[in-house]
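Please read the following report alongside the sequence and the coordinates. It begins with one pair of strands and widens from there.

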Amino acid sequence: MVFCADFAALRPSPADVRVVTSDGSAIRAHCSVLAAASPVLERMIEGTRRGWDAGCTVHVLGAPADAVAAFLRFLYSSPRAEDAVGAHGAALLALAHAYRVPWLKRRAEAAVAARLTAERAVDALKLAALCDAPRLYLACARLAGKDLDAVERSEGWRFAGRHDAALQLNLLQLVHDAHQRKERWERERASQHVYGQLSDAMAFLDRIFAGDGEGWSACASAASSREDGGVRRGLEQLMRHLAACGGRTRKPAACPRCRRALQLLRLHASVCDRAGGEPCNVPLCSNLKAKMQEEGVGKTWKLLVKKVTRARVMSALASSSSREVPEVVKKSWAKYSSSRASRIR
Ligand SMILES: [Zn+2]
Ligand SMILES: [Zn+2]
């Protein structure tokens, strides 16, 4: 029998447990250390020990002897010890999972995920499923999503094709889900951009019609970026067009530009915070508000208003340098709290 490691020197007390590995090697260690680090080893030691002073033997199987020695070395060190997990990452993950050593499991999982290659992805996916390692599972899915061709050329993939078709299917499902998540995320990001632009347009409308005598020029100086400048100019032109064309020669509904201007004014009326008698100078604000209250609005419009309001709040939060809650947030919160309360009533 080969003694491949001896941890007796690491503690002043004599080693009192023999850890026997798959190849018959035995490692001398301390019951107190193993029992403190792993509840599973603690139970195994209690089960085989006869009397307090008596030595005992436990079997740690299913991993090469040097991986078991590395595992025990970790149990002797603190979780903060800067040991390399890389050399035995997969075996350490399996051992840490089986013997319930969570801190080592997290480190081994991270080490395996960091060294993941297309060649190892299928084996790593299997390991992740066996060891209940969600971060490694995700890393496999991400890698397969990036380079499925390379994964399909790997020996692990071919082996799974012959012996474990369910594993292949699992990986393909993960790739499919990841693609769908990415598409959903991109769609969401694009729509956030649109809501952000609409929220900016609402802020420009407020400034254009602020009624403080500065009007268009104040708005122009507030439009900082080139994109802001474009939104501002488009709005100005649209509002001037509505003033010149709307209701004079044709009905506003018949002119697409007037229709667009009216939709923006309607959106303004929906998000306008000036409650409690404070006057609003944006054209048609009170008329459109009254009309919407009288006729009601559809679900889609309500959702649009909600998303634009949220984008407004987010933009106010992002631009607010002080810790104080911005006025727009307070107003929006008050508005939504009161509308919720009236719905509940
Ligand atoms: Zn028009
Ligand atoms: Zn208004």
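## Strands, cores and helices

Strand β2 and strand β4 (residues 56–59) run parallel and are joined by four bridges, where two strands count as paired if DSSP finds at least two bridges between them. This is a predicted model, in which local features need pLDDT of at least 70 and side-chain atom pairs count only at pLDDT 80 or more, while totals for chains, interfaces and linings use all residues. Residues are numbered from 1 along each chain as its sequence is written, and chains are lettered from A and ligands numbered from 1 in the order in which they are written.

The chain has 16 helices and four strands; these are DSSP runs numbered from the N terminus, with helices being H or I of at least four residues and strands E of at least two. Within the pairing of β2 and β4, Val19 stands opposite Val58. On β2 there are also four bridges to strand β3 (residues 26–29), and these two strands run antiparallel. Val20 has Ala26 of β3 as its bridge partner, and in the hairpin of β2 and β3, with five residues between the strands, Gly24 takes a positive phi near 90°.

In a regular strand the side chains alternate between the two faces of the sheet. Along β2 (residues 17–20), Val17 and Val19 point to one face and are buried, whereas Arg18 and Val20 point to the other and are not. A residue is called buried if 20 or more other C-beta atoms, placed from the backbone, lie within 10 Å of its own, exposed if 12 or fewer do, and partly exposed in between. By this count, buried residues make up 28% of the 345 residues in the chain.

A nonpolar core is a set of buried Ala, Val, Leu, Ile, Met, Phe, Trp, Tyr and Cys residues joined through C-beta atoms within 7 Å. The largest such core has 53 residues, of which Val68, Leu92, Leu93, Leu136 and Cys140 touch the most other members. Its largest share, nine residues, comes from helix α3 (residues 65–76). A second, separate core of 20 residues includes Met202, Phe204, Ala261 and Cys285.

Met202 and Phe204 are also among the buried residues of helix α10. The 44 residues of α10 (residues 165–208) should span 64 Å at 1.5 Å a residue, and the end C-alpha atoms are 64 Å apart, which agrees; the expected span is 1.5 Å times one less than the number of residues.

Most residues other than glycine have a negative phi, and most peptide bonds are trans. Two loop residues with a positive phi are set out below.

| Residue | Phi | Loop | Burial |
|---|---|---|---|
| Asp132 | near 50° | between α6 (121–130) and α7 (134–146) | exposed, 11 other C-beta atoms within 10 Å |
| Leu284 | near 65° | between α13 (256–271) and α14 (285–295) | partly exposed, 17 C-beta neighbours inside 10 Å |

How confident is the predictor, and where is its confidence lowest among the elements? The chain averages a pLDDT of 81, on a scale from 0 to 100 that gives the predictor's confidence in each residue, and 77% of the residues score at least 70. Among the elements, helix α11 (residues 215–222) has the lowest mean pLDDT, 51, and helix α4 (residues 89–98) the highest, 93. Where pLDDT is low, the predicted coordinates should not be read in detail.
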